[in-house]
Amino acid sequence: MFGIELITFIVMIAVFLLGCFAAKLPVSISMVLSAIAGALVGGQGFALRHMVEGMFSYVDTILVIAAAMIFMKAVQECGTLDAVCSLIIEKFHKLPALMLCLIMLIIMFPGMITGSSTASVLSAGSIMAPVLMMMGVPMLETASILAMGGVLGMIAPPTNIPAMVIGAGIDIPYSGFGLPLALLTFPLAFLFVLMLGYKHVKKMNWLEVKAKLNTDSRQKFGIKIYIPIIAAIVLMTAAKLIPAFAIGMPLVFLISAAICCFCGYKFNIVKVAKESVNSVLPVMGILMGVGMFIQVMTLTGVRGWIVAACMSLPEFGRYIGIAISMPLFGAVSSFGSASVLGVPFLLAFLAKDQIIVASALSLIASLGDMMPPTALAGIFAAQVVGMEKYTPVLKKCLVPCLIVIIWGLAFIVGADFLKPFIIG
């Protein structure tokens, strides 16, 4: 006999899918409708207070996305983008493998600081996309590199929000995660960027590429043109190293965007801000809908039912459950997947080292940012390179995503073996 929690969950998923695919409604509206349906079926009425609370669950991430987009548009308008692209290619064109690995680290850096894949794709990804395409990497492969770099960046140390969420579920302090997360992410990042881009870059015709490089801003403004990027890196790093200086990522991006007005070509900052925020409104709406969805799941007991179901699985079934359910549920939200599924799966592996298991679970949960229909990393990566649809990016990233799942599961299986080498 079906319990009310299972029925509520099925109704929520059904309404969401019907809204997205049958009624062709925006993802954000479909999530709102599914949350309302879940509250009604769960006997909670319209639950307006919980809807409003859920809507603001990801307000921090929304602010980061909006501010990052303003910063990247400002960097593009003032000429810093062209300067950085030309400089990287000039200095490292003779070492294509090293150049690709360095580019991947740059793409990952904002995610490493903010814990957001979208921050990586929108900020550093926007800077590096023209560089990759100028070196001969096709548009699709470039978008795939950005997407996977964003996903791995949000999991790499020092900031990993899914790991924090999972650890908080069983009172594990966010300490000692650095090395496990580094081993989980950096090898994959270098593998994927070489797998997707090296065969194209090694064929690069330097003389042909050199002729296309736009060095005007470097020649006109000199070292001053790099100040916005340097300022963003310094402010992000200072916020992590000096707690008293923690001004928040949105303010970091806005300060850096304001600096752009004085370091390169002149542009209208108000117009740039309006265009930037308008371009990311659909994604901000998705995050609001996600918050409502998770809030109603908690309110109606669906979240607790999922926890109990995970705990009752046999050990082999847990691995299958992790590989399938965490990425799929991440289509709603990777943070939601970490919260709803990560905690019970961590409890199910209490006999293993908790830091390594939590780190691996966070890696697998991050794939939610590649799962349709939300697919934040995939959508933004396609948008950055100028693709109309993001589905080719998801198809191209299928093999890398499978490798991520296998890599994460391998760490869980071998957690006790790895513990002396990683944790000490």
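Okay, one term before anything else: a residue counts as partly exposed when its relative accessible area falls between the buried cut-off, under 20%, and the exposed one, over 50%. Glutamate 77 has a relative accessible area of 33%, so it is partly exposed. Keep that residue in mind; I'll come back to its partner in a moment.

What we have on the screen is a predicted model. How confident is the predictor? The mean pLDDT of the protein chain is 87, and 99% of its residues reach 70 or more. If you go element by element, helix H12, residues 206–212, has the lowest mean pLDDT, 78, while helix H23, residues 398–413, has the highest, 96.

Right, salt bridges. How many does the structure hold? There are 5 of them, and I'll walk you through three.

Back to glutamate 77, then. Its side chain meets that of lysine 73 in a salt bridge, at 3.9 Å from N to O. Both residues sit in helix H4, residues 59–78, and they are 4 residues apart, about one turn of the helix. That spacing is a handy one: an α-helix has 3.6 residues a turn, so residues three or four places apart point the same way. Lysine 73 is partly exposed too, at 25% relative accessibility.

Next one: glutamate 90 and arginine 218, with their side chains meeting at 3.2 Å, N to O. Here glutamate 90 is in helix H5, residues 80–92, and arginine 218 is in helix H13, residues 216–221, so this salt bridge ties together parts that are 128 residues apart in sequence. Glutamate 90 comes out as partly exposed, at 28%.

And the third: lysine 419 with aspartate 353, where the closest N and O atoms are 3.8 Å apart. This pair also links distant parts of the chain, 66 residues apart, with lysine 419 in helix H24 and aspartate 353 in the loop between helix H19 and H20. Are the two ends buried or partly exposed? Lysine 419 is partly exposed at 36%, whereas aspartate 353 is buried at 10%.

Since we're at H24, let's stay there. In this helix, residues 415–422, the buried residues include Ala415, Leu418 and Ile422. They cover an arc of only 65° around the axis, so they are on the same side of H24. What do the buried residues pack against? Helix H11, helix H20 and H23. On the face turned away from that buried side you find the exposed residues Phe417 and Pro420.

Now compare helix H8, residues 124–134, which is mostly covered, with 8 of its 11 residues buried. Among them are Ile127, Met128 and Leu132. Just after H8 comes glycine 136, which takes a positive phi of about 110°.

On to the aromatics. The model has 6 aromatic pairs. One of them is phenylalanine 9 with tryptophan 305, a tilted pair, 6.3 Å centre to centre with 45° between the planes. Phenylalanine 9 is in helix H1 and tryptophan 305 in helix H17, 296 residues apart. Phenylalanine 9 is buried, at 17%, and tryptophan 305 is partly exposed, at 32%. Another ring worth a look is phenylalanine 349: the charged end of arginine 318 sits over it, 5.7 Å from its centre.

Last stop, glutamate 141, in helix H9. This one is buried, with a relative accessible area of 10%. Leaving aside neighbours within four places in sequence, glutamate 141 is in contact with Leu196, His200 and Lys396.

Terms used: Residues numbered from 1 in each chain as written. Predicted model: local features only at pLDDT ≥ 70, side-chain atom pairs only at ≥ 80, totals over all residues. Heavy atoms only, no water. Phe/Tyr/Trp six-rings, centres within 6.5 Å; stacked < 30°, edge-to-face > 60°. Helix = DSSP H or I, 4+ residues; strand = E, 2+ residues; numbered from the N terminus. Buried < 20%, exposed > 50% of the residue type's maximum accessible area, 1.4 Å probe, protein only. Lys NZ or Arg CZ within 6 Å of the ring centre and 35° of its normal. Contact = heavy atoms within 4.5 Å. pLDDT = per-residue confidence, 0-100. Arc of directions from axis to C-beta. Salt bridge = Lys/Arg side-chain N within 4 Å of Asp/Glu carboxyl O.
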